[in-house]
Amino acid sequence: ISINLPSLESVDLTGNHLYLPGDNLFGLSSLLEISGVTWNAQCRECLLVKTELLTELNDSDSACIFVPEEFYFLDEIEYGRSLSFVRRGFSPQCLCEDNCFSKEIGAPYNLALNMLPRKLFYTEYIFGIIAVVLNLVVVFICFGCRSMRKSTSFILIGNIGACDVIMGVYSVLIARYTVYEFIVNENEYPGMDTFVNVYCDIMGAIFTTAQITSVSSSFLATLERYLSIVYCMNPEARLRKTVALWCLGAIWSVSIGYSLLAVFHVGGLRYHGEFTCMMPFVNGPDQYDTSIAGLAVAALLVLLYLVSIALYIHIFYNVRKTRISAGVKQKAALAKNISLMVCTNFAFFIIPMVCTLLFVYQFDQLIDAFKVDSLQSLKVYFIMLSWLPVVFLSFNSCLNPFLCAFRHPKFRKQLKVCANKCQCTCLQRSREQLSRAWNLTTAKSVKLTSTDANVENGT
């Protein structure tokens, strides 16, 4: 072609879908455009225009001009055929259409970047199920045993266990409906907003209710231990069970009420997928529409944790400084277990929150700070600041029973009693079923024997 048509400027391939331009055409220095090029269902009858010509004719940013630099990590991602055209100095005009752009650039980039984080979120199924099972045991023992229900501390511990059960449900849901699921499998969710949707509303309401209630219950448990130890000589200065139950009722009501505000977008509050559907940190459709109320609630929870830790420091200082009775020592042992749980809860709460907020609000700055210059490093960045915070929260719900409830002798004793009762019940049922089966077999044997005897007598 370069010999026969050295001055060729335009080629029309309309209707010739089996032919794709190659080096014989792109090698022509005089060629300015190729029209009617089709290489997939989304990019049909596309016009390829020489990028150099478009740059000279269009000073506007709205011009449909593509250069290889717009294909991020092109050496690591397998983009569509349009990349070969761009590398040869031609801009496919159909790339400015959403369907073609998504097929050629958006989908390959999203799959390459988000597939690994999506697969990692499947581990949340494991953490969620473990958290639900372990904490259901805590809830059953604390609320199901009469001797445990008499203790204000174990009522509060049982309530924290109930919150961790809810967090386990959140872990299972985020494993299924993480934002990476909607990005990787966007064709299965047509017309749905990737970041603000009904799934995120449900998970956000669950997470917010559980966290506010858990932190407040931890503070009440701390206050109960503080009053019973530091003011052990003053029986009036105690957190009574009735008062604690009223406080828990109020806390659950406030938590549920606040969590539902974002579900119905009251005051613009809403849950957002960029925040892994945690607390309502935005008051608009965009993730940068920061909600001062949401940040204030999170700050209040952090403050409650800090006050709780300060109270435990005073408790242990008071125990070491003064001589106390054996009963108070036992209360101090439970306080130690609760303090360990509160401290780990604080660590596993503040770290995910900070990571999530940094991931959203300081994304570009952190990219530059950590020198993220490859697809692999960007994947690690996404994993560290979006998947790992959720793992911390889920792992904390699995860890809490071992830090507090399972370490207390009274709880372990009740757990053994319940286990023995269940074992005895199961054995008794097995024996009854075995006895019924044996009696039925014996009855059939006797019936057969009597029948044979009657037959012999008749003969």
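Two strands count as paired if DSSP finds at least two bridges between them. Keep that idea at hand, and remember as you click around that this is a predicted model.

**Stop 1: the sheet**

Select Ile 34, then look across to strand S3: its bridge partner there is Leu 48. You are now inside an open sheet of 4 strands, ordered S1-S2-S3-S4, with mixed pairing. The edges of this sheet are strand S1 (10-12) and strand S4 (90-92), each of which pairs on one side only. Turn the view and follow the twist, which averages 15° from one strand to the next.

Now walk across the sheet, one pair of strands at a time.

- Start with S1 and strand S2 (residues 33-37): they run parallel and are joined by 3 bridges. Select Ser 10 to find its bridge partner in S2, Glu 33. Then pick Asp 12, which stands opposite Ser 35 in S2.
- Move on to S2 and S3, which pair in the antiparallel sense over 3 bridges. Besides Ile 34 with Leu 48, try Val 37, which stands opposite Cys 46 in S3.
- Finish with S3 and S4, which run antiparallel and are joined by 3 bridges. Here Val 49 stands opposite Ser 91 in S4.

While you have side chains displayed, here is a general point: in a regular strand they alternate between the two faces of the sheet.

How many residues of S2 are buried? The count is 4 of the 5, so S2 is largely enclosed by the rest of the structure. Strand S3 (residues 46-50) is mostly covered too, with 4 of its 5 residues buried.

**Stop 2: a loop beside the sheet**

Select Glu 45, in the loop between S2 and S3. Its phi is positive, about 50°, although Glu 45 is not a glycine. As a rule, most residues other than glycine have a negative phi. Glu 45 has a relative accessible area of 36%, so it counts as partly exposed, the class between buried (under 20%) and exposed (over 50%).

**Stop 3: salt bridges**

In general, side chains of opposite charge can pair when their charged atoms come close. A search of the whole structure finds 4 salt bridges, and you can visit several of them.

Begin with Asp 23 and Arg 88, whose side chains meet in a salt bridge at 2.7 Å, N to O. Asp 23 sits in helix H1 (residues 23-26) and Arg 88 in the loop between helix H3 (82-87) and S4, so this pair ties together parts that are 65 residues apart in sequence. Is Asp 23 buried or exposed? Asp 23 counts as exposed because its relative accessibility is 56%. Its partner Arg 88 is partly exposed, with a relative accessible area of 35%.

Next, select Arg 118 and Glu 181, whose side chains meet in a salt bridge at 2.8 Å, N to O. This pair also links distant parts of the chain: Arg 118 is in helix H4 (residues 98-120) and Glu 181 in helix H8 (residues 179-184), 63 residues apart. Both Arg 118 and Glu 181 are buried. Add Arg 176 to your selection, and you have a network of salt bridges linking Arg 118, Arg 176 and Glu 181.

Then go to Arg 225 and Glu 224, which form a salt bridge with their closest N and O atoms 2.7 Å apart. Arg 225 counts as buried at 6% relative accessibility. Glu 224 is buried as well, with a relative accessible area of 8%.

**Stop 4: two helices side by side**

Show helix H5 (residues 123-144) together with helix H7 (residues 152-176). They pack at an angle of about 160°, with their axes 7 Å apart. That angle makes H5 roughly antiparallel to H7, because angles over 145 degrees are put in that class. The crossing of H5 with H7 is left-handed. Which classes of residue make up the contact of H5 with H7? You will find 18 nonpolar, 7 polar and 3 charged residues there.

**Stop 5: one more loop**

For your last selection, choose Lys 371, in the loop between helix H13 (363-369) and helix H14 (375-403). Lys 371 has a positive phi of about 55°, although it is not a glycine. Its relative accessibility is 67%, so Lys 371 counts as exposed.

How values were computed. Residues are numbered from 1 along each chain as its sequence is written. This is a predicted model: local features need pLDDT of at least 70, side-chain atom pairs count only at pLDDT 80 or more; totals for chains, interfaces and linings use all residues. Side-chain values use heavy atoms; hydrogens and water are left out. Axes are lines fitted to C-alpha atoms, for helices over the stretch in contact, and angles run from 0 to 180 degrees between N-to-C directions. Buried means under 20% relative accessible area, exposed over 50%, partly exposed in between (1.4 Å probe, protein chains only). Angles under 35 degrees count as roughly parallel, over 145 as roughly antiparallel, 65 to 115 as roughly perpendicular and the rest as oblique. A crossing is left-handed if the near helix is turned anticlockwise from the far one by less than a right angle, and right-handed if clockwise. Ala, Val, Leu, Ile, Met, Phe, Trp, Tyr, Cys and Pro count as nonpolar, Asp, Glu, Lys and Arg as charged, and the others, Gly among them, as polar.
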